[in-house]
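Biologist: Please show the sequence and the model, and then take me through some salt bridges and the interior.

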Amino acid sequence: MTTSGEQERLRGAEGERAGRDGVLWGGMPPWLPRAMVLFLVLVGLFQLADWAFRQLIDLFVMLLVAFFLSLALEPAVDRMAARGVRRGVGTFLVFVAVGVAVVGFLAALGTLLVDQVAKIAGDMPHLVDNLMGWVNRTFHQDLSLGELQKRVLKDSGTIEGYAQQAADNVWGVSSTLIGGLFQTFTVGLFTFYFTAEGPRVRRTVCSLLPPARQGEVLRAWEIALAKTGGYLYSRAVLAVVSAAGHWVMFALIDLPYSAALAIWVGVMSQFVPTIGTYLAGALPVLVALTVEPVDALWVLVFTVVYQQIENYVLHPRITARTVDVHPAVAFGAVIAGAALLGAVGALIAIPAAATLQGFVGTYVRRYEVATDPRIDRGEQRRARRELRREAARRLRRMVGGDGQ
């Protein structure tokens, strides 16, 4: 006979054994539902964060562009603030100066473009006659202007279809233009805020960090200011030198709109990465072709020669104290920036690379490297040549002194 207490213990042991067997043989552990719910919640939060990031990526890019523009403008505002000018007023004056320069540049190019299009439109019949004459002589054809008009009118349905398609796309082009203007206004607004409130922005950012990290953030900020401002300063100097040199050349060959074309070459070759040089030289060559083909050849030769002088003489001397970035590093940075952020990334790639290089150079310790022929195999040979030259110079001085 078993007592009631023993029976209760037996039933409890059987229940516990049944619970363990249920877990082992297909039952659900008590923690698994909570884990599944937590997993689904985390997946949902990740999807929500990914959607929000994709929606706000344009805003982040505009903030990044505004930040680098403020780094470029802040040194000028700081100089005016040091002379007693309020930062808001100084920022407004800098914006006005930059706006006037941009509007003047676009106005000069607009005038050039309108005049050249009008000239090409006026010369179009003569160009068409010359083209048909060349085709007839080369391919033994008998084309005429009347036959060409008939073929154009015959395909008028296709042309009308293209015109209708272009008309349908007008709204898309208009919306794109409005969106671009809104983005420009947004970047300008954030740039004005970052520039005018630069000290307050830095103070706000540092207030979110412990004191040990605040000094590093401020040091990185100062490096970014110096490198970005130095980059734009060096580019502006190179643009002025390039514009002056090309203006002299265009004026010598009596090229129309020589001043506007020279400004175009200076700005495009310095502020448009990678392809700016080719875009800069293409327009003067095309304008020269409409005047005299020989002038186009002279323009092309001068552009190529000047580019070599700039790359090997002017650019190293001007950028040595501002943005000391190796050309290979700069080229790689432009490619990486374009791959990440497109044209915006290509524009800010070089100052970003210079900032990163300066920040890393501040914290990375460097050691002196001993002279070793395995590093520079021509060093010993150059040293021996220098010794021989120095000995020859001493011998000439001795001989010259004895002769006197």
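**Salt bridges and a cavity**

Modeller: In this predicted model, R393 and E390 form a salt bridge, with their closest N and O atoms 2.6 Å apart.

Biologist: By about how many helical turns are R393 and E390 separated?

Modeller: R393 and E390 both belong to helix α14, residues 379-403. They are 3 residues apart, so the separation is about one helical turn.

Biologist: Is R393 buried, partly exposed or exposed?

Modeller: Buried means under 20% relative accessible area and exposed means over 50%. R393 has 32% relative accessibility, so R393 counts as partly exposed.

Biologist: With which residue does E390 meet in a salt bridge of 3.4 Å, N to O?

Modeller: The partner is 4 residues from E390 in helix α14, about one helical turn. E390 itself is partly exposed, at 27% relative accessibility. The side chain that meets E390 at 3.4 Å is that of R394.

Biologist: How many salt bridges does a search of the whole structure find?

Modeller: R54 and D50 in helix α2 are also joined by a salt bridge, at 3.0 Å from N to O. E74, D78, R87 and R202 are linked in a network of salt bridges. Over the whole structure, the search finds 8.

Biologist: Which helix supplies the largest share of the lining of the largest cavity?

Modeller: The largest cavity has a volume of about 40 Å³. Helices α8, α9, α10 and α11 each supply at least two residues of its lining. The largest share is 4 residues, and it comes from α11.

Notes: Residues numbered from 1 in each chain as written. Predicted model: local features only at pLDDT ≥ 70, side-chain atom pairs only at ≥ 80, totals over all residues. Heavy atoms only, no water. 1 Å grid on protein atoms, 1.4 Å probe; cavity = no way out; pocket = protein on both sides within 12 Å on 5 of 7 lines; lining within 4 Å. Points joined across faces, edges and corners; volume = space filled by probe spheres on them. Salt bridge = Lys/Arg side-chain N within 4 Å of Asp/Glu carboxyl O. Buried < 20%, exposed > 50% of the residue type's maximum accessible area, 1.4 Å probe, protein only.
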